[in-house]
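The report that follows goes through one protein chain, from an exposed loop residue to the helices and the chain as a whole. Please keep the sequence and the structure in view while reading.

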Amino acid sequence: MEEKKGGTSAGGVVLPFLLGFVAALAFGWWGVPQLLYSKKTQPLVFTHQNHIELYGMSCDDCHSFRRDGSFSGLPGNAKCGECHSFPLGDHPDEIKFVEEYYEKGIEVPWLVYQYQPDNVFFSHAAHREYDCATAGCHPDVGSSNELPVYYENRLTKYSRDTMKMKDCERCHATVAAQEPERFAGAPNACQICHK
(Lines give C-alpha, C1' and ligand atoms only; values in the text may rest on other atoms or scores of the structure.)
Protein backbone atom coordinates (compact mmCIF):
# COMPACT_ATOMS: atom_id res chain seq x y z
CA MET A 1 0.00 0.00 0.00
CA GLU A 2 1.37 3.40 -1.04
CA GLU A 3 1.52 6.31 1.35
CA LYS A 4 0.14 9.61 0.10
CA LYS A 5 2.75 12.36 0.06
CA GLY A 6 1.99 15.76 1.61
CA GLY A 7 3.49 17.69 -1.33
CA THR A 8 0.52 17.03 -3.58
CA SER A 9 -2.05 18.55 -1.24
CA ALA A 10 0.25 21.51 -0.45
CA GLY A 11 0.55 22.26 -4.19
CA GLY A 12 -3.21 22.19 -4.44
CA VAL A 13 -3.43 24.97 -1.85
CA VAL A 14 -0.49 27.10 -2.93
CA LEU A 15 -1.63 27.66 -6.50
CA PRO A 16 -5.11 29.00 -5.62
CA PHE A 17 -3.53 31.13 -2.89
CA LEU A 18 -1.05 32.66 -5.35
CA LEU A 19 -3.76 33.29 -7.93
CA GLY A 20 -5.94 34.94 -5.28
CA PHE A 21 -3.01 37.00 -4.04
CA VAL A 22 -2.20 38.24 -7.56
CA ALA A 23 -5.88 39.01 -8.21
CA ALA A 24 -6.09 40.98 -4.94
CA LEU A 25 -2.95 42.94 -5.83
CA ALA A 26 -4.28 43.73 -9.29
CA PHE A 27 -7.61 44.87 -7.86
CA GLY A 28 -5.89 47.02 -5.25
CA TRP A 29 -3.46 48.50 -7.75
CA TRP A 30 -5.87 49.13 -10.60
CA GLY A 31 -9.42 48.61 -9.39
CA VAL A 32 -9.50 50.65 -6.17
CA PRO A 33 -8.31 53.90 -7.79
CA GLN A 34 -10.92 53.42 -10.52
CA LEU A 35 -13.61 53.09 -7.87
CA LEU A 36 -12.32 55.88 -5.64
CA TYR A 37 -11.74 58.60 -8.24
CA SER A 38 -13.97 59.95 -10.97
CA LYS A 39 -12.37 61.53 -14.01
CA LYS A 40 -13.56 65.02 -14.91
CA THR A 41 -12.69 67.45 -17.68
CA GLN A 42 -12.20 71.18 -17.37
CA PRO A 43 -15.01 73.34 -18.82
CA LEU A 44 -12.63 74.92 -21.35
CA VAL A 45 -9.36 74.11 -23.04
CA PHE A 46 -6.59 76.28 -21.66
CA THR A 47 -2.89 76.44 -22.43
CA HIS A 48 -0.50 77.97 -19.91
CA GLN A 49 2.35 77.42 -22.34
CA ASN A 50 0.90 79.72 -25.00
CA HIS A 51 0.31 82.50 -22.50
CA ILE A 52 3.88 82.26 -21.22
CA GLU A 53 5.88 81.44 -24.33
CA LEU A 54 3.92 83.23 -27.03
CA TYR A 55 2.74 86.27 -25.10
CA GLY A 56 5.52 86.62 -22.52
CA MET A 57 3.22 86.50 -19.53
CA SER A 58 4.35 85.41 -16.07
CA CYS A 59 2.45 83.46 -13.41
CA ASP A 60 1.87 86.68 -11.45
CA ASP A 61 0.04 88.26 -14.36
CA CYS A 62 -2.97 86.04 -13.66
CA HIS A 63 -2.28 84.44 -10.26
CA SER A 64 -1.52 87.43 -8.14
CA PHE A 65 -1.47 88.47 -4.52
CA ARG A 66 -4.06 90.85 -3.11
CA ARG A 67 -3.10 94.00 -1.21
CA ASP A 68 -3.51 92.13 2.08
CA GLY A 69 -1.02 89.48 0.94
CA SER A 70 -3.58 86.73 0.34
CA PHE A 71 -3.40 84.76 -2.88
CA SER A 72 -6.07 85.45 -5.48
CA GLY A 73 -5.99 81.92 -6.89
CA LEU A 74 -7.50 81.54 -10.32
CA PRO A 75 -8.23 84.68 -12.31
CA GLY A 76 -11.86 85.62 -12.83
CA ASN A 77 -13.62 86.71 -15.99
CA ALA A 78 -12.65 90.34 -15.44
CA LYS A 79 -8.95 89.47 -15.57
CA CYS A 80 -9.30 87.12 -18.55
CA GLY A 81 -11.52 89.68 -20.26
CA GLU A 82 -8.65 92.17 -20.33
CA CYS A 83 -7.46 90.22 -23.37
CA HIS A 84 -10.40 87.95 -24.20
CA SER A 85 -13.42 90.26 -24.16
CA PHE A 86 -13.96 89.13 -27.74
CA PRO A 87 -12.82 85.88 -29.41
CA LEU A 88 -9.14 85.90 -30.34
CA GLY A 89 -9.33 83.41 -33.18
CA ASP A 90 -11.86 80.77 -34.07
CA HIS A 91 -11.14 78.06 -31.49
CA PRO A 92 -14.51 76.78 -30.20
CA ASP A 93 -13.47 77.20 -26.56
CA GLU A 94 -12.32 80.78 -27.18
CA ILE A 95 -15.78 81.57 -28.53
CA LYS A 96 -17.42 79.56 -25.73
CA PHE A 97 -15.58 81.59 -23.09
CA VAL A 98 -16.73 84.90 -24.55
CA GLU A 99 -20.33 83.92 -25.36
CA GLU A 100 -21.19 81.57 -22.50
CA TYR A 101 -19.17 83.03 -19.65
CA TYR A 102 -17.76 86.51 -20.20
CA GLU A 103 -20.73 88.18 -21.88
CA LYS A 104 -23.21 86.55 -19.49
CA GLY A 105 -21.14 87.43 -16.41
CA ILE A 106 -20.81 83.79 -15.38
CA GLU A 107 -17.48 82.74 -13.91
CA VAL A 108 -15.88 79.70 -15.52
CA PRO A 109 -16.35 76.72 -13.15
CA TRP A 110 -12.71 75.61 -13.28
CA LEU A 111 -11.82 72.47 -11.40
CA VAL A 112 -9.07 73.40 -8.94
CA TYR A 113 -6.41 70.77 -8.37
CA GLN A 114 -5.04 72.22 -5.16
CA TYR A 115 -8.00 73.15 -2.95
CA GLN A 116 -7.10 72.40 0.63
CA PRO A 117 -9.49 71.02 3.26
CA ASP A 118 -11.24 73.61 5.42
CA ASN A 119 -9.10 72.74 8.44
CA VAL A 120 -5.86 73.61 6.63
CA PHE A 121 -4.24 76.99 6.46
CA PHE A 122 -1.82 77.55 3.62
CA SER A 123 -0.13 80.83 2.84
CA HIS A 124 1.18 81.24 -0.68
CA ALA A 125 2.83 84.46 0.40
CA ALA A 126 4.91 82.74 3.10
CA HIS A 127 6.01 79.98 0.75
CA ARG A 128 6.78 82.37 -2.06
CA GLU A 129 9.02 84.33 0.27
CA TYR A 130 11.06 81.17 0.86
CA ASP A 131 11.12 80.30 -2.83
CA CYS A 132 9.20 77.06 -2.37
CA ALA A 133 7.58 77.28 -5.77
CA THR A 134 9.64 74.40 -7.07
CA ALA A 135 9.17 72.22 -3.99
CA GLY A 136 6.59 70.10 -5.74
CA CYS A 137 3.53 71.74 -4.18
CA HIS A 138 1.71 71.66 -7.50
CA PRO A 139 2.40 70.38 -11.03
CA ASP A 140 4.42 72.48 -13.42
CA VAL A 141 1.51 73.65 -15.54
CA GLY A 142 3.47 76.60 -16.90
CA SER A 143 5.18 74.40 -19.46
CA SER A 144 2.07 72.43 -20.31
CA ASN A 145 -0.03 72.96 -23.39
CA GLU A 146 -3.06 71.29 -21.86
CA LEU A 147 -4.55 71.02 -18.43
CA PRO A 148 -3.99 67.74 -16.60
CA VAL A 149 -6.85 65.33 -16.09
CA TYR A 150 -8.81 66.14 -12.95
CA TYR A 151 -9.48 63.18 -10.69
CA GLU A 152 -12.04 63.81 -7.96
CA ASN A 153 -12.17 61.65 -4.87
CA ARG A 154 -15.74 60.29 -4.76
CA LEU A 155 -15.75 60.34 -0.95
CA THR A 156 -14.03 63.63 -0.04
CA LYS A 157 -14.71 65.52 -3.31
CA TYR A 158 -11.12 66.79 -3.27
CA SER A 159 -8.76 66.46 -6.17
CA ARG A 160 -6.39 63.53 -6.19
CA ASP A 161 -3.60 66.09 -6.70
CA THR A 162 -4.35 68.16 -3.60
CA MET A 163 -1.18 68.62 -1.57
CA LYS A 164 -0.77 65.82 0.92
CA MET A 165 0.19 66.42 4.54
CA LYS A 166 3.12 64.03 4.26
CA ASP A 167 4.62 66.20 1.51
CA CYS A 168 4.23 69.35 3.58
CA GLU A 169 5.76 67.65 6.62
CA ARG A 170 8.66 66.27 4.63
CA CYS A 171 9.47 69.65 3.16
CA HIS A 172 9.16 71.41 6.50
CA ALA A 173 11.34 68.79 8.20
CA THR A 174 14.02 68.07 5.64
CA VAL A 175 14.39 71.27 3.67
CA ALA A 176 14.13 73.42 6.76
CA ALA A 177 16.70 71.23 8.51
CA GLN A 178 19.11 71.61 5.60
CA GLU A 179 18.93 75.38 5.74
CA PRO A 180 17.92 76.25 9.33
CA GLU A 181 18.82 79.92 9.06
CA ARG A 182 16.80 80.36 5.89
CA PHE A 183 13.80 78.31 7.04
CA ALA A 184 13.81 79.20 10.71
CA GLY A 185 10.09 79.93 10.59
CA ALA A 186 9.05 76.59 9.11
CA PRO A 187 8.43 74.28 12.10
CA ASN A 188 6.31 71.15 11.76
CA ALA A 189 3.94 71.84 14.65
CA CYS A 190 0.25 71.04 14.02
CA GLN A 191 -0.95 74.61 14.48
CA ILE A 192 1.37 75.88 11.74
CA CYS A 193 -0.86 74.38 9.04
CA HIS A 194 -4.09 73.41 10.81
CA LYS A 195 -6.76 75.77 12.04
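A residue is called buried when its relative accessible area is under 20%, exposed when that value is over 50%, and partly exposed in between. The model discussed here is a predicted one, and every value below is computed from it.

**A loop residue with positive phi**

Lys157 lies in the loop that runs between β2 (150-153) and α7 (165-178). Its relative accessibility is 51%, and because exposed means over 50%, Lys157 counts as exposed. The backbone of Lys157 has a positive phi of about 75 degrees, although Lys157 is not a glycine. As background, most residues other than glycine have a negative phi.

**Helices α4 and α5**

Which residues of helix α4 (residues 77-84) are buried? They are Asn77, Gly81 and His84. These three cover an arc of only 80 degrees around the axis, which means that they sit on the same side of α4. On the other side of the helix, Ala78 and Glu82 are exposed. The elements that cover the buried residues of α4 include α2 (48-54) and α5 (92-102).

Helix α5 can be described in a similar way. In α5, the buried residues are Asp93, Glu94, Phe97, Val98 and Tyr101. Their arc around the axis is only 140 degrees, and they therefore lie on the same side of α5. What covers the buried residues of α5 includes α4, just as α5 is among the elements covering the buried residues of α4.

Some of these α5 residues recur in the interior of the model. The largest nonpolar core has five residues in all, namely Leu44, Phe97, Val98, Tyr101 and Val108, and of these, Phe97, Val98 and Tyr101 are listed among the buried residues of α5. In soluble globular proteins, nonpolar side chains tend to be buried together. When neighbours within four places in sequence are left aside, Tyr101 is in contact with Pro43, Leu44, Asn77, Lys96, Ile106, Glu107, Val108 and Pro109. Among these contacts, Leu44 and Val108 also belong to the nonpolar core, while Asn77 is one of the buried residues of α4.

**Salt bridges**

The count of salt bridges comes to five, and the table gives some of them, with the accessibility of each partner.

| Salt bridge | N to O distance | Relative accessibility of the partners |
|---|---|---|
| Lys79 and Glu82 | 3.3 Å | Lys79 33%, Glu82 58% |
| Arg160 and Asp161 | 3.9 Å | Arg160 35%, Asp161 28% |
| Lys166 and Asp167 | 3.5 Å | Lys166 55%, Asp167 28% |

Lys79 and Glu82 are three residues apart in helix α4, so about one helical turn separates them. Lys79 is partly exposed at 33% relative accessibility, whereas Glu82, with 58%, is exposed. In the bridge between Arg160 and Asp161, Arg160 is partly exposed and Asp161 is partly exposed as well. In the bridge between Lys166 and Asp167, Asp167 counts as partly exposed and Lys166 as exposed. Lys166, Asp167 and Arg170 are joined into one network by salt bridges that share partners.

**A nonpolar patch on the surface**

Not every nonpolar side chain of the model is in the interior: Val14, Phe17, Leu18, Phe21, Val22 and Leu25 make a nonpolar surface patch of about 590 Å². One of these residues, Val22, has its place in helix α1 (residues 6-36). With a relative accessibility of 52%, Val22 counts as exposed.

**The chain as a whole**

How many helices and strands does the protein chain have? There are eight helices and two strands, and along the sequence they follow the pattern α-β-α-α-α-α-α-β-α-α. Of the 195 residues in the protein chain, 19% are buried. Among the contacts in the chain with a separation of 6 or more, 67% are accounted for by residues 24 or more positions apart. The accessible surface of the protein chain comes to about 14300 Å², and carbon and sulfur atoms account for 60% of that surface.

Conventions:
Residues numbered from 1 in each chain as written. Predicted model: local features only at pLDDT ≥ 70, side-chain atom pairs only at ≥ 80, totals over all residues. Heavy atoms only, no water. Buried < 20%, exposed > 50% of the residue type's maximum accessible area, 1.4 Å probe, protein only. Helix = DSSP H or I, 4+ residues; strand = E, 2+ residues; numbered from the N terminus. Arc of directions from axis to C-beta. Contact = heavy atoms within 4.5 Å. Salt bridge = Lys/Arg side-chain N within 4 Å of Asp/Glu carboxyl O. Core = buried A, V, L, I, M, F, W, Y, C linked by side-chain atoms within 4.5 Å. Patch = residues over 30% accessible without salt bridge, like charges linked within 9 Å, V, L, I, M, F, W, Y side chains within 5 Å. Areas by Shrake-Rupley, 256 points an atom, 1.4 Å probe, with all protein chains shown as cover.
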